[in-house]
Amino acid sequence: MKWNKGFTLVELLGVIIVIAVVALIASPIALNVMNKSKEKSFALEMENLVKAARHYYSKQQLEISSNVIFDYQNNGKNSAGETLSLSGSRPKRGTVTITPTGEIILTNVGNGTYVANFNSEFDDEIKITKE
């Protein structure tokens, strides 16, 4: 008697169906984890932006007599052509305002996916929303 080695078509289809079911269950979970990590990364970038603004204020404290606005639709420059010292990616839009009293205000600062708003006088943490 001759033994055939290999799998039958039914066995192969069964394995394919099991793999498909596992993929259907795992893919939304993986996508959710990726989206949360992107949002967390954006939140950290915004925290660094606020720190850079505070650093700018501490260096320029005696010279700031009116609001200093960094416009990220203008490459993050203020009216004097200065930029905040940032590492990592820069926002694509929005403004960062530094008041003479040292308040930091983020207004619709975004990267194309998420938007951040923050006012250091009223907010404890940066508010992140999806665009």
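**Entry 1: K127 and its partner**

I began with K127, which counts as partly exposed at 47% relative accessibility. This is a predicted model, so every entry here is a reading of a prediction. I then looked for the salt-bridge partner of K127 and found D123, with the closest N and O atoms 2.8 Å apart. Is D123 buried or exposed? D123 is buried, its relative accessible area being 18%. I noted the cut-off here: buried means under 20%, so D123 at 18% falls on the buried side.

**Entry 2: the salt-bridge search**

How many salt bridges does a search of the whole structure find? I got two. One of them pairs E131 with R93, and their closest N and O atoms are 3.4 Å apart. E131 sits in the segment after β5 (127–130) and R93 in strand β2, so this pair ties together parts that are 38 residues apart in sequence. I checked both ends for exposure. E131 is partly exposed, with a relative accessible area of 48%. R93 is partly exposed too, with 28%.

**Entry 3: E103, a charge without a bridge**

Next I went to E103, which I located in the loop between β2 (93–98) and β3 (104–110). Which side chain of opposite charge is nearest to E103, and how far away is it? I found R54, 10 Å away. E103 is buried yet has no salt bridge. A salt bridge needs the nitrogen and the carboxyl oxygen within 4 Å, so R54 at 10 Å does not qualify.

I then asked what the side chain of E103 does touch, and T101 came up: a polar contact of 3.3 Å joins the two side chains. The backbone of E103 has a contact as well, since the side chain of T99 reaches its nitrogen at 2.9 Å. T99 is in the loop between β2 and β3. At 9% relative accessibility, T99 counts as buried.

**Entry 4: from T101 across to N67**

T101 turned up again when I looked at N67. The two residues are 34 residues apart in sequence, and their C-alpha atoms are 9.1 Å apart in space. I placed N67 in the loop between α1 and β1. N67 is partly exposed, with a relative accessible area of 44%.

**Entry 5: along helix α1**

I turned to helix α1, which covers residues 9–60 and holds A20. V10 lies in α1 as well. How far apart are V10 and A53 in space, C-alpha to C-alpha? I read 64 Å for this pair, which is 43 residues apart in sequence. For a second span I took A20 and L9, 11 residues apart along the chain, and their C-alpha atoms are separated by 16 Å.

I looked up exposure for the two helix residues. V10 counts as exposed at 67% relative accessibility. A20 counts as partly exposed at 37%.

**Entry 6: positive phi angles**

I wanted to see positive phi values in residues that are not glycine, and I wrote down N75 and N108. N75 has a positive phi of about 60° although it is not a glycine. Where is N75 found? I traced it to the loop between β1 (68–71) and β2. N75 is exposed, with a relative accessible area of 58%.

For N108, phi is near 50°, again a positive value in a residue other than glycine. N108 is found in strand β3. I have N108 down as partly exposed, with a relative accessible area of 35%.

**Entry 7: the cavity**

Last, I turned to internal space. How many cavities of 30 Å³ or more does a search of the whole structure find? I found one. The largest cavity has a volume of about 50 Å³. I listed its lining: E45, M46, N48, L49, L86, S87, S89 and P91. Sorted by class, that lining has four nonpolar, three polar and one charged residues.

**Entry 8: to look at again**

I have marked three places for another visit in the viewer:

- The E131–R93 salt bridge, with its 3.4 Å between the closest N and O atoms.
- E103, buried and without a salt bridge, together with the T101 side chain that makes a 3.3 Å polar contact with it.
- The lining of the largest cavity, including E45 and P91.

Conventions: Residues are numbered from 1 along each chain as its sequence is written. This is a predicted model: local features need pLDDT of at least 70, side-chain atom pairs count only at pLDDT 80 or more; totals for chains, interfaces and linings use all residues. Side-chain values use heavy atoms; hydrogens and water are left out. On a 1 Å grid over the protein atoms alone, a cavity is a set of points where a 1.4 Å probe fits but cannot get out, and a pocket is an open set with protein on both sides within 12 Å along at least five of seven lines; lining residues have an atom within 4 Å of a point. Grid points are joined across faces, edges and corners, and a volume is the space filled by probe spheres set on the points. Ala, Val, Leu, Ile, Met, Phe, Trp, Tyr, Cys and Pro count as nonpolar, Asp, Glu, Lys and Arg as charged, and the others, Gly among them, as polar. Helices (H or I, at least four residues) and strands (E, at least two) are DSSP runs, numbered from the N terminus. Buried means under 20% relative accessible area, exposed over 50%, partly exposed in between (1.4 Å probe, protein chains only). Lys and Arg count as positive and Asp and Glu as negative; His and the chain ends are not counted. A polar contact is a pair of N or O atoms within 3.5 Å; within protein, one must be able to donate a hydrogen and the other to accept it, and residues adjacent in sequence count only if both atoms are side-chain atoms.
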